[in-house]
Every structure is written in C-alpha cells, then in structure tokens.
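Subject: Handing over the structure

Dear colleague,

I am passing on the structure below, together with notes on what was found in it. Please read the notes with the coordinates open beside them.

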Amino acid sequence: MHDTSPNQERLALLALHFVPGLGNYTIRQLVSYCGSAAQVFRKPKGKLLKIPGIGPKIAEAVVNGKPFTEAEKEWRRAEKENVKLIFYTDKNYPSRLKDINDAPSLLYTRGNIDFENPRTVGIVGTRKATPYGKERVDELVEGLLPHGALIVSGLAYGIDIYAHKAALKHGLPTVAVMGSGIDIIYPSAHRETARKMEAHGGLVTENPFGTAPDAHNFPQRNRIIAGLCDALIVVEAAATGGALITAELANSYNRDVFAIPGSVGIPTSEGCNHLIKTNRAHLMTSVKDLEYVMNWRADMPPLKQPAVSRDTSSLSENERAVIAVLQGKSPLQLDELSWRTNIPVNQLAAILLNLEFSAWVKALPGKMYALVS
C-alpha cells in the first residue's frame with residue numbers, strides 16, 4: 001500500500017508511464033474511464049480487461065506494483081536534479097500541445113520555460129548547414145526580436161543548434177526538444193549551449209531518465225517541436241530527413257509552415273524547394289513574409305480569444321470548464337473533451353446532456369460536441 005500524500009495522484013500518473021505497452025492515448029483513456037490515475041491502480045484485473053485497448057499483459061502489469069516502484073525512483077531523481085514533471089492533467093501543460101491527438105501525456109522539463117509565450121516559432125533544418133543557412137537563421141532570429149518569440153528546435157547539429165545559439169545571442173528565449181532523457185545531452189558537444197538555455201528557456205523531453213538518443217526517438221521528438229510552435233520555418237533541408245518529417249507533422253496540426261528557398265542543384269536546398277513547389281510551405285525570404293501570413297505586427301500584441309458573451313455564473317464548475325474548452329476549439333470528440341477538461345467520460349456525458357438541454361452545446365455525429373452559436 002502507498003500512503004495518501006498530496007502527491008499520490010501525480011505519482012500514480014507517473015507510474016502509468018512505467019506500465020509496459022501503455023502509450024499516451026491509452027494512458028489518457030485509462031484515466032478517463034477510471035476517474036483518476038490512482039483509481040486505475042485500485043481496479044481489479046477483471047475490470048481493467050473490460051476497458052478498450054487493455055489486454056492481459058497490461059492489466060497484469062498495472063496490478064503487480066512494479067510501476068509504482070519505478071515511479072518513486074523517477075520522482076526522487078527528478079526532485080534531486082531539479083527537473084519538473086508536467087502531466088497532461090496539469091494547468092501548466094502547454095496549451096498548444098492539447099491541440100494534437102498524439103500529444104505526450106508527460107513532459108520532463110528543466111530551465112525557465114514559458115510554454116504560453118504568445119508567439120512561438122520552430123526553426124529546423126539539415127544537420128549539414130552551409131554558411132548560407134547559418135546566415136538565414138541569424139537574420140530570421142534577429143527579425144523575430146520585436147515579437148519576443150520563443151524559438152523551438154531540436155538541439156541537433158546544423159540548423160537546430162544555430163537557431164538556439166542565435167536566440168541566445170539576440171536575447172530571445174529558446175527551448176530544445178530532446179530525443180533522449182533529459183539527463184543525456186545529445187550531441188554532447190552541445191552541452192554548454194544547453195546549459196546556457198536553461199536560464200532563458202530550457203530543455204524538454206517526454207522520455208524518462210536514462211533514455212538513449214536512439215533513432216526511433218527522433219520522429220517522436222519532431223511531433224513535439226511541430227506541436228509547440230505557431231509557425232515552423234525550414235531552413236535548408238535535403239530531399240528526405242527529419243526536417244521534412246517535422247514540416248509534414250506541422251501541416252497535419254494546422255500550423256503554418258515556411259521554407260527558405262535555395263539554389264537549384266544544391267542538396268541542402270532540395271527539401272525546402274520541394275515544400276514550396278508542392279504548396280506544403282509558404283515561400284519565405286525574410287521575417288516580413290511570416291508577419292504577413294501570420295498577421296503579426298511588432299507594434300501590436302497578439303489577439304486574444306473573445307470571451308463567451310453569455311452569462312455562465314449559473315453553471316457548475318465542470319460545465320464552465322466544458323464551455324471554456326469548446327470555446328477554444330470546437331467541435332471536439334467526447335474522449336478528447338474528457339482529456340482536455342480532465343472529467344471522466346461517464347460524468348462528462350451527463351454534463352453534456354444538461355448543457356444540451358440548456359442550449360449551450362449541440363451533439364453532432366460521431367460523438368462530437370460543439371458550442372451553440
């Protein structure tokens with residue numbers, strides 16, 4: 001038995017990440033069905049098996065207690081190394097990541113990161129950056145200075161590290177999304193830059209301590225880069241590679257993608273030129289192109305979402321939470337709405353029914369719900 005300390009629910013959430021076979025979506029589904037992470041571990045094996053996606057191996061792993069042992073070690077290490085654990089249920093979980101279905105359910109962060117910076121720009125590209133690419137990166141970052149943009153990249157050789165260094169040089173915050181554990185800086189040559197970033201930005205990963213920078217981690221890392229940014233800029237890219245994967249992901253998340261054109265016949269220009277030619281990226285020659293497409297002006301603060309005009313004072317706290325989420329993005333499927341509001345599906349169904357009766361929301365095909373306009 002584990003004690004009922006204030007961290008019990010968070011420890012249970014962490015423990016779910018040490019259950020073999022559980023992915024981000026299934027973790028959210030389990031918590032939604034059971035009402036909380038702690039309740040997941042209180043369910044008998046037979047009841048767990050009735051939850052969609054849960055087979056005998058996962059059910060056995062949940063009830064055998066080993067995930068809690070691993071979680072307690074991870075928790076102590078995070079505290080010792082000044083690493084913050086941000087769960088998808090936390091208020092400070094990045095709001096931009098809540099827009100994507102395959103978002104990480106847990107983030108490890110170190111440093112001083114403002115994920116809610118009003119303007120966030122991802123800069124990615126080839127590991128074999130040319131002097132042309134390095135110059136473009138420096139120009140872009142300097143041009144973003146009046147916007148106070150947060151620069152997001154992947155700490156890799158080439159364009160990534162030049163983006164981080166340019167941000168530090170010009171005084172913009174910058175975040176590195178890592179394909180390893182937060183304790184393993186890869187490549188190690190960038191350790192000093194990573195250390196400097198912690199004072200004005202920081203490091204983030206979804207991988208537990210000790211995770212090696214294996215190749216399969218990097219496509220997963222790229223989806224976080226794409227999800228965190230409002231605009232993604234590709235500066236030099238070969239015909240295939242991680243930068244193009246990130247651009248494809250950003251497009252699928254409805255982010256604006258930009259590409260710097262390059263000379264015909266140069267390998268590091270092929271990817272960018274192809275993105276532009278196939279209408280997968282806006283042509284970008286300077287920050288003015290980004291400002292035009294994004295409707296950003298340095299002398300104007302970013303627009304805020306309009307407030308709901310109807311009076312919500314008569315609604316319950318949970319009903320107001322549902323309205324607030326649907327105001328930000330609508331329509332939403334029942335499971336995603338449950339994740340965003342942190343309300344279990346069985347409770348949420350009753351709440352939505354009440355909101356339907358009072359003409360706040362409307363039900364759509366496919367268990368989708370939207371605000372009544």
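Leaving aside its neighbours within four places in sequence, which residues is N24 in contact with? Before the reply, please keep in mind that this is a predicted model. With those sequence neighbours set aside, N24 is in contact with D102, A103, P104, S105, E206 and R223. The residue itself belongs to helix α2, and its relative accessible area of 19% places N24 among the buried residues, because buried means under 20%.

The sheet is the next thing to look at. Nine strands make up an open sheet with mixed pairing, in the order β1-β2-β6-β5-β4-β3-β7-β8-β9. Its edge strands are β1 and β9 (282-283), each of which pairs on one side only. At the β9 end, strand β8 (residues 256-259) runs parallel to β9 and is joined to it by two bridges, with L283 in β9 as the bridge partner of A259.

Strand β6 (residues 201-205) deserves a careful look within that order. Five of its five residues are buried, so β6 is largely enclosed by the rest of the structure. Both of its faces are covered, since G201, L203 and T205 on one side and G202 and V204 on the other are all buried. In a regular strand the side chains alternate between the two faces of the sheet.

The partners of β6 pair with it in opposite senses: strand β2 (residues 106-111) is antiparallel to β6 and joined to it by four bridges, whereas strand β5 (residues 174-177) pairs with β6 in the parallel sense, also over four bridges. On the β2 side, Y108 stands opposite T205 of β6, and on the β5 side A176 stands opposite L203 of β6. In addition, β5, helix α9 (residues 191-197) and β6 make a β-α-β unit that is right-handed.

Turning to the nonpolar packing, the largest core holds 77 residues, and within it L16, L30 and V234 touch the most other members. The element that gives the most to this core is helix α1 (residues 8-16), with six residues. Apart from this core lies another one of 24 residues, including A129, V137, F258 and V287. In soluble globular proteins, nonpolar side chains tend to be buried together.

Is α1 enclosed or open to its surroundings? Seven of its nine residues are buried, so the helix is largely enclosed by the rest of the structure; the buried residues are Q8, L11, A12, L13, L14, A15 and L16. These buried residues pack against α2 (24-34), α3 (37-40), α6 (66-80), β1 (84-87) and β2. For L16 in particular, the contacts beyond four places in sequence are L22, I27, L30, V31, A37, V40 and F41.

One charged residue is also worth inspecting. R340 is found in helix α15 (residues 334-341), and with a relative accessibility of 13% it counts as buried. Its side chain makes a polar contact with the side chain of E336, at 2.9 Å. Not counting residues up to four places away in sequence, R340 touches K98, D99, V325, K329 and L332.

With best regards

How values were computed:
Residues numbered from 1 in each chain as written. Predicted model: local features only at pLDDT ≥ 70, side-chain atom pairs only at ≥ 80, totals over all residues. Heavy atoms only, no water. Core = buried A, V, L, I, M, F, W, Y, C linked by side-chain atoms within 4.5 Å. Buried < 20%, exposed > 50% of the residue type's maximum accessible area, 1.4 Å probe, protein only. Contact = heavy atoms within 4.5 Å. Polar contact = N/O pair within 3.5 Å; in protein donor to acceptor, adjacent residues only side chain to side chain. Pairing = 2+ DSSP bridges. Right-handed = clockwise from strand over helix to strand, strands pointing away.
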